[in-house]
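Grab a viewer and work through these short exercises. Each one sets a task and then walks through a solution.

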Number of protein chains: 2
Amino acid sequence: MHETGHLTVIGLGPGPQDWTTPAALRILREATDLIGYGPYLDRVELQPHQTRHASDNRVELDRARHALELTARGRKVAVVSSGDPGVFAMAAAVFEALEAGDPAWRGLDIRVEPGITAVLGVASRLGAPLGHDFCVISLSDILKPWAVIEQRLEAAARGDFVIALYNPASRTRRDQIARALDCLRAIKGDAALTVFARAVGTHEERVIVSTLGEADADLVDMRTLVLVGSSRTRRIERPGELPAFIYTPRFVEGA
Amino acid sequence: MHETGHLTVIGLGPGPQDWTTPAALRILREATDLIGYGPYLDRVELQPHQTRHASDNRVELDRARHALELTARGRKVAVVSSGDPGVFAMAAAVFEALEAGDPAWRGLDIRVEPGITAVLGVASRLGAPLGHDFCVISLSDILKPWAVIEQRLEAAARGDFVIALYNPASRTRRDQIARALDCLRAIKGDAALTVFARAVGTHEERVIVSTLGEADADLVDMRTLVLVGSSRTRRIERPGELPAFIYTPRFVEGA
C-alpha cells in the first residue's frame, strides 16, 4: 500500500513574493514534489526533502498527467502556476488529464488553491480600472480557433465591458493582438483607454497607457497583459510627475 | 506641517485568513487608521496604536471621502475591503471621491493592493470553471440601470463566456437574479451548469450545483456568488461521496 497522496494546484501570483498567499506557501512547504514550468519553479526555494520536476511551457497536459501519476503513487504534489492557477493556467489542464486518464485517478485528493491573477495585479497599479463589469479573454489561438476569439471580442465590445487580454502574443504569435485591437476598434471606436502592462510587480515592469486609436501592437510581448477600458473608463490627472490614475466608475447614469 | 500621510485600499480575500496576502497584512499592521464596512473590520485584529472607523455598507462614497481627509491630515490609512478591492469594492469609490474632491488630494500617496476576488475562491472549490474566457458582472441596479445589466448579460451569453454574477441579491433586492437567469436561459438554453456558492471559505459555505433550467433563484442571497458555465463547462463525476469537479476545458475544437 502507498501512503495517500494528494495534489494541489497553486498560483504564486503575478510576481511580487508578498502577493503569494499564506495558504499557497503552506502547500509549497508540505509538498514532496513540485511540478511546473521552469521559470515558475525558479521562484520557489526548494527544500531538501523535495523533488523538482520542471518542464517547458508547451507541455501542460503531459505535466498534468505526470502530476496525477505521482499523486497516485502516494506523493504530495504541488503543481505550481503563476497568477491564479484557474485562469489560463494549470488547473484546467489537470482536470482535462483527469477526465481522459485512469478512472482510478478520480478518487484522488485533488485541490486548487486560488492566487492573485494577473489582471488584478495590473489593475492595482493603475487605480481601479475593473471598478465595473469586465471580461477576461485569452488571445492564444493554439487551443481555440480565431473565429471563437473574434466572436468573444465582439461580444465583449458590444457589452461595453472592460476587457483584459491574456496571452496577447508570443515569440511566434505576433498577429493576434493587432487583429484583436482592430476588432475592438471597429466596434468601440478609437477613444477607449488602452493599457499595455508588462511584467507587473517585477523589476522589468513597464506600463504604457494610450487609447485604442493610438495603441501600438508591436509593443506587446508574451509577458504583457492588455487592458481595454469601457466607454466610461477614465483618467484622473495628478500634479508633477505622478502618473494618472485610471478607473471605471461604479455608477452608470439612469439608475 | 503634517507628517506625510498615505492611503492604501486593500482586500482581505473572500474569507479564509490564509487567503489574505502578506502585502495586505503588512499594510494593515503599518496603518494608523483602518476604515471600512464593519463586518470586514471585524476580521482584523486592531493594534493599540490604531483607530478603527467602521461604517455601514451603503456609504462607500462618504467612507472614501473620510479616508482621503484622514490621509490629507497625515494619517496612514488602510481602506479595508473583502475580496479584491478593485472588483466591486472600495477602490473605485476612492477614485470617484478623489476626482470629485479637493484638488489637493490628487497629490496624495494613494495605492491599491490586490486580493483574491470572490470568483477565484469559488472557482478553486469547484475545480477549474474559469479555465476559459469569462465575464464578471454585478447585478446590483443601485448604481446602474437594469437595461445596462441586461445588455451585458446578453453580450456575455452570446459570447459563450463563463459568467460570474456578483451582488446577485440583497434583503430588499430579490428580483434581479430571477430576471438575470431568465435572460441567460433565453439565449443559452437550459443545460448550462449553474452554481450558487455561498460564503465560500467560511463555516457557512454552501455550494449548490444545478443547471440554468433547474436553478432556483430563491436560494440566492447577498453572500452568494452565481457562476454560469459556458456551453463547454462540464462535470467530472467521482466515486462515492466525493463531489463532482466542474471545469471548462482550455481547448475549443477547430484550432
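**Exercise 1.** Locate N167(B) in its chain, then describe its backbone and its exposure.

*Solution.* Start with the place: N167(B) sits in the loop of chain B between β8 (162-166) and α7 (175-188). This is a predicted model, so check the backbone angle in the coordinates you have. Phi of N167(B) is near 50°, a positive value in a residue that isn't glycine. For context, most residues other than glycine have a negative phi. Last step, exposure: N167(B) has 31% relative accessibility, so it counts as partly exposed, since that class lies between 20% and 50%.

**Exercise 2.** Do the same for A199(A): is it buried or exposed?

*Solution.* Find A199(A) in the loop between β9 (193-198) and β10 (206-211) of chain A. Its phi is positive, about 50°, although A199(A) is not a glycine. Now the accessibility: the relative accessible area of A199(A) is 8%, so this residue is buried, the cut-off being under 20%.

**Exercise 3.** Work out what surrounds the side chain of R173(A) and which side chain of opposite charge is nearest.

*Solution.*
1. R173(A) belongs to the loop between β8 (162-166) and α7 (175-188) of chain A.
2. R173(A) is buried but has no salt bridge. The nearest side chain of opposite charge is that of D141(A), 4.5 Å away, and a salt bridge needs the nitrogen within 4 Å of a carboxyl oxygen.
3. Look for polar partners next: a polar atom of the R173(A) side chain lies 3.0 Å from the backbone oxygen of N167(A).
4. Finally, list the contacts. Leaving out residues up to four places away in sequence, R173(A) touches L139(A), S140(A), D141(A), I142(A), N167(A) and P168(A).

**Exercise 4.** Decide whether T4(A) is buried or exposed, and find its contacts.

*Solution.* T4(A) lies in the segment before β1 (6-11) of chain A. With 62% relative accessibility, T4(A) counts as exposed. Setting aside neighbours within four places in sequence, T4(A) contacts G74(A) and K76(A). For a sense of span, T4(A) and T211(A) are 207 residues apart in sequence and 54 Å apart in space, C-alpha to C-alpha.

**Exercise 5.** Find the operation that lays chain A on chain B.

*Solution.* Superpose the chains: a turn of 180° with a shift of 0.0 Å along the axis gives an RMSD of 0.0 Å. The two copies are therefore related as by a two-fold rotation axis. In chain A, the C-alpha nearest that axis belongs to C135(A), 2.1 Å away. Both copies use the same surface, with 100% of the contact residues of chain A recurring in chain B. As for confidence, the predictor gives the complex an ipTM of 0.96 and a pTM of 0.97.

Definitions and conventions. Residues numbered from 1 in each chain as written. Chains lettered and ligands numbered in written order. Predicted model: local features only at pLDDT ≥ 70, side-chain atom pairs only at ≥ 80, totals over all residues. Heavy atoms only, no water. Helix = DSSP H or I, 4+ residues; strand = E, 2+ residues; numbered from the N terminus. Buried < 20%, exposed > 50% of the residue type's maximum accessible area, 1.4 Å probe, protein only. Contact = heavy atoms within 4.5 Å. Lys, Arg positive; Asp, Glu negative; His and termini not counted. Polar contact = N/O pair within 3.5 Å; in protein donor to acceptor, adjacent residues only side chain to side chain. Least-squares fit on C-alpha atoms with pLDDT ≥ 70 in both.
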